[in-house]
Amino acid sequence: MNGAPQANTARYTPGYSANAAAFMSSRTAESHAGFFLPYLRPGMRVLDCGCGPGTITLDLARRVHPGFVTGVDIAAGQIALAEAAAIYQGVANVLFRSCSIEQMTPEDEPYDAAFSHALLEHLADPVASLRRVRSLLKPGGVIGVCSPDWRGFLVAPAPPVLTEALAFYQRLQRENGGSVDAGGRLGEWLEQAGFSNVRMAARYECYADLRLIGEYLAQRIEQAEAIDGAVTKGWIDPGDPQRLAQALRMWQRQPSGLFAQAWVSAVGWA
Ligand SMILES: C[S@@+](CC[C@H](N)C(=O)[O-])C[C@H]1O[C@@H](n2cnc3c(N)ncnc32)[C@H](O)[C@@H]1O
């Protein structure tokens with residue numbers, strides 16, 4: 001763990017392993033925030049909630065220059081990575097803060113826009129968190145959120161053991177208080193939080209190298225007892241985490257395989 005936080009909501013299922021950080025750090029605004037870029041203008045003040053290692057955040061900052069972006073993450077270790085990336089890339093119109101979005105209080109100058117990528121699926125009460133974000137926005141401010149929806153994932157080949165492994169990973173996320181159908185619920189969550197004119201869209205992300213996602217899932221499942229107490233709690237039989245991790249490692253070697261992750265996005269206005 002890298003600066004492991006005390007989550008005040010759900011337990012954050014992905015954790016902060018090197019390979020989880022690696023695939024998050026490969027994200028850019030162009031690759032993962034394209035749905036939100038048309039709403040950004042130079043000079044805007046933007047809040048990025050759950051910014052992780054900050055690669056998307058830095059792109060947003062370049063977009064709104066001479067405006068400003070604040071990236072917030074509950075994990076101090078992620079904030080350290082994001083700050084290092086900002087220095088390395090020479091992006092100065094950005095500030096990173098280590099705190100949970102639920103703890104954020106309205107500032108003197110409210111934000112023009114709020115963004116969140118791959119966060120809401122990990123929260124126990126995403127509507128409460130979105131209400132808090134709305135309180136930080138100007139009236140008429142825009143929000144853009146994006147989360148995966150496991151109901152739309154396409155995986156090939158998909159022998160029963162692989163399906164079992166993916167179902168177990170989803171169980172971990174649910175048991176930790178998150179949602180595996182978050183993508184499809186973003187619209188209703190935004191409306192319940194008071195946002196209006198909500199619009200949704202979706203796209204697939206296909207992993208060019210299955211090892212990136214396969215190894216992440218394998219390691220996370222292997223650690224299910226150490227992190228979640230999954231065997232002790234009776235979520236899985238002893239020996240099964242190893243069996244499922246091995247199946248993922250065999251699957252990820254297949255050059256003709258597919259892991260197509262369904263990402264749903266939603267925009268709305270405060
Ligand atoms: C899956 S990562 C996404 C990172 C980045 N937005 C991206 O898409 O690459 C989710 C991030 O949200 C952070 N997080 C989880 N719960 C949070 C909360 N309640 N408040 C702020 N950040 C949170 C985690 O520490 C993690 O870095």
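This passage describes the fold, strand pairing and cores of a predicted model.

The mean pLDDT of the protein is 94. Of its residues, 96% reach 70 or more. Residues 1–8 are an exception, with pLDDT below 50. Beyond near neighbours in sequence, this stretch has 18 contacts in the model. Where pLDDT is low, the predicted coordinates should not be read in detail.

The protein has 10 helices and 8 strands. Its radius of gyration is 18 Å, close to the 18 Å that the globule rule gives for 270 residues, so the protein is as compact as a globular protein of that length. Along the principal axes, the C-alpha atoms fill a box of roughly 55 × 40 × 35 Å. Buried residues account for 41% of the 270 residues. Contacts often span long stretches of sequence. Among those between residues at least 6 apart, 79% join residues at least 24 apart.

Strand 1 covers residues 45–49, and 5 of its 5 residues are buried. Arg45, Leu47 and Cys49 point one way from the strand. Val46 and Asp48 point the other way. Strand 1 has parallel pairings with strand 2 and with strand 4. With strand 2, strand 1 forms 5 bridges, and the two run parallel. Here Arg45 stands opposite Phe68 of strand 2. The chain passes from strand 1 through helix 3 to strand 2 in a right-handed β-α-β crossover. With strand 4 (residues 111–117), strand 1 pairs over 3 bridges, again in the parallel sense. Asp48 stands opposite Phe115 in strand 4.

Helix 3, the helix of this crossover, spans residues 55–64. The helix is mostly covered, with 8 of its 10 residues buried. Its buried residues are Thr55, Ile56, Thr57, Leu58, Asp59, Leu60, Ala61 and Val64. An α-helix has 3.6 residues a turn, so residues three or four places apart point the same way.

Strand 2 (residues 68–73) also pairs with strand 3 (residues 94–98). These two strands run parallel and are joined by 5 bridges. Val72 has Arg97 as its bridge partner in strand 3. Helix 4, residues 76–89, completes a β-α-β unit with strands 2 and 3. This unit is right-handed, as is the crossover from strand 1 to strand 2.

The largest nonpolar core contains 51 residues. Val46, Leu60, Ala114, Ile143 and Leu190 have the most contacts inside it. Apart from this core lies another, of 16 residues. Among its members are Ile221, Ala245, Ala247 and Leu248.

Val46 belongs to strand 1 and is buried there. Leaving aside residues up to four places away in sequence, Val46 touches Leu40, Leu60, Val64, Gly67, Val69, Tyr111, Asp112, Ala113 and Phe115. Two of these, Leu60 and Val64, are buried residues of helix 3. Phe115 is the residue that stands opposite Asp48.

Gly15 lies in the segment before helix 1 (18–25). Is this glycine buried, exposed or partly exposed? Gly15 is partly exposed, because 17 other C-beta atoms lie within 10 Å; a buried residue would need 20 or more. Gly15 and Gly71 are 56 residues apart in sequence. In space, their C-alpha atoms are 19 Å apart.

Conventions
Residues are numbered from 1 along each chain as its sequence is written. This is a predicted model: local features need pLDDT of at least 70, side-chain atom pairs count only at pLDDT 80 or more; totals for chains, interfaces and linings use all residues. Two strands pair if DSSP finds at least two bridges between them. Helices (H or I, at least four residues) and strands (E, at least two) are DSSP runs, numbered from the N terminus. A crossover is right-handed if, with the strands pointing away from the viewer, the path from the first strand over the helix to the second runs clockwise. A nonpolar core is a set of buried Ala, Val, Leu, Ile, Met, Phe, Trp, Tyr and Cys residues joined through C-beta atoms within 7 Å. A residue is buried if 20 or more other C-beta atoms lie within 10 Å of its own, exposed if 12 or fewer, and partly exposed in between; C-beta atoms are placed from the backbone. Two residues are in contact if their C-beta atoms, placed from the backbone, lie within 7 Å. pLDDT is the predictor's confidence in each residue, from 0 to 100. The radius of gyration is taken over C-alpha atoms; the globule rule is 2.2 Å times the number of residues to the power 0.38.
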